[in-house]
Amino acid sequence: RYANSSHHRSLLLLVGNGGDEILAGPLVRRLGNLSPQELKNVYSATDLVVSASKVESFGLTLSEGAALGVPRLATSGHAASEGIVDGDNGFIISDYSKLSEKLSAVFSLNSDELKSIGAKGRDKVHKESHPKFVANSYYKIYEELLRG
């Protein structure tokens with residue numbers, strides 16, 4: 001949980017398949033594939049969604065977590081990180097060597113600061129994933145293509 005609590009301990013939850021290269025340990029839980037309701041429960045009990053992928057085409061886990069107001073952390077340079085403004089609506093690292101440092105900085109924030117960042121991420125995802133927004137974006141692309 002948060003660094004300003006007297007007993008700061010983190011638990012790493014791995015959801016889905018894969019992640020075998022991540023070290024096992026007493027503070028790592030492999031949850032496997034989850035139903036939508038189970039996944040929602042995990043996000044709701046989570047302080048931070050981390051996607052430290054080398055290659056990520058969309059970042060669905062980041063969007064799902066953000067939709068529930070959970071702050072997110074992603075590596076820069078792929079589509080999953082495009083909607084995140086570091087320190088405003090989420091967190092970005094430029095490379096994996098900075099992950100531990102960034103996690104320490106994130107968990108040094110108080111719970112109100114983290115909630116505010118999570119809320120900004122939620123608002124952005126809700127706005128930009130709304131069907132009307134998505135449909136309008138496609139409409140604009142088609143209009144531009146038709147104009148030549």
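Tyr138 counts as partly exposed in this predicted model, because its relative accessibility is 49%, a value between the 20% and 50% cut-offs for buried and exposed residues. The residue sits in helix H5, which covers residues 131-147. Tyr138 also belongs to a nonpolar surface patch, where Phe133, Val134, Ile141, Tyr142 and Leu145 join it. Together these six side chains make up about 620 Å² of surface.

It helps to place this helix in the overall fold. The protein has five helices and five strands, and from the N terminus on these elements follow the order β-β-α-β-α-β-β-α-α-α. Of its 148 residues, 28% count as buried.

Attention now turns to the charged side chains. In general, side chains of opposite charge can pair when their charged atoms come close. In this model the count comes to four salt bridges, and three of these pairs are described here in turn.

One of the salt bridges joins the side chains of Asp86 and Lys102, with an N to O distance of 3.0 Å. Asp86 lies in the loop between strand S4 (72-75) and strand S5 (91-93), while Lys102 lies in helix H3 (residues 99-106), so this pair ties together parts that are 16 residues apart in sequence. The two partners can be told apart by their accessibility. Lys102 counts as buried because its relative accessibility is 17%, under the 20% limit. Asp86, in contrast, counts as partly exposed, since its relative accessibility is 40%.

A further salt bridge is found between Lys120 and Asp88, whose closest N and O atoms are 3.1 Å apart. Lys120 belongs to helix H4 (residues 111-128) and Asp88 to the loop between S4 and S5, so the parts that this pair ties together are 32 residues apart in sequence. Both partners fall in the partly exposed class: Lys120 has a relative accessibility of 39%, and Asp88 has a relative accessible area of 31%. The loop between S4 and S5 thus holds Asp86, the partner of a residue in H3, as well as Asp88, the partner of a residue in H4.

Arg122 and Asp123 make another of these pairs, their side chains meeting in a salt bridge at 3.7 Å, N to O. Arg122 is partly exposed at 31% relative accessibility, and Asp123 is likewise partly exposed, with a relative accessible area of 47%.

Helix H4 appears again in the description of the pockets. The second largest pocket has a volume of about 380 Å³ and is lined by 14 residues. Nearest its centre lie Phe58, Ser63, Ala79, Gly83 and Glu128. Two elements, helix H2 (60-67) and H4, each give two or more residues to this lining. H4 gives the most, with three residues. By character, the lining residues of this pocket divide into six nonpolar, four polar and four charged.

Two further positions complete the picture, each described together with a partner that is separated from it along the chain. Ile92 is found in strand S5 and is buried, because its relative accessible area of 18% is under the 20% limit. Ile92 and Glu82 are ten residues apart in sequence, and their C-alpha atoms are 9.7 Å apart in space.

Asn33 has its place in the loop between strand S2 (28-32) and helix H1 (36-44). With a relative accessible area of 58%, Asn33 is exposed, since the limit for that class is over 50%. The partner considered here is Asn17, which is 16 residues from Asn33 along the chain. The C-alpha atoms of Asn33 and Asn17 are separated by 6.7 Å.

Terms used. Residues numbered from 1 in each chain as written. Predicted model: local features only at pLDDT ≥ 70, side-chain atom pairs only at ≥ 80, totals over all residues. Heavy atoms only, no water. Patch = residues over 30% accessible without salt bridge, like charges linked within 9 Å, V, L, I, M, F, W, Y side chains within 5 Å. Areas by Shrake-Rupley, 256 points an atom, 1.4 Å probe, with all protein chains shown as cover. Helix = DSSP H or I, 4+ residues; strand = E, 2+ residues; numbered from the N terminus. Buried < 20%, exposed > 50% of the residue type's maximum accessible area, 1.4 Å probe, protein only. 1 Å grid on protein atoms, 1.4 Å probe; cavity = no way out; pocket = protein on both sides within 12 Å on 5 of 7 lines; lining within 4 Å. Points joined across faces, edges and corners; volume = space filled by probe spheres on them. Nonpolar A, V, L, I, M, F, W, Y, C, P; charged D, E, K, R; others polar.
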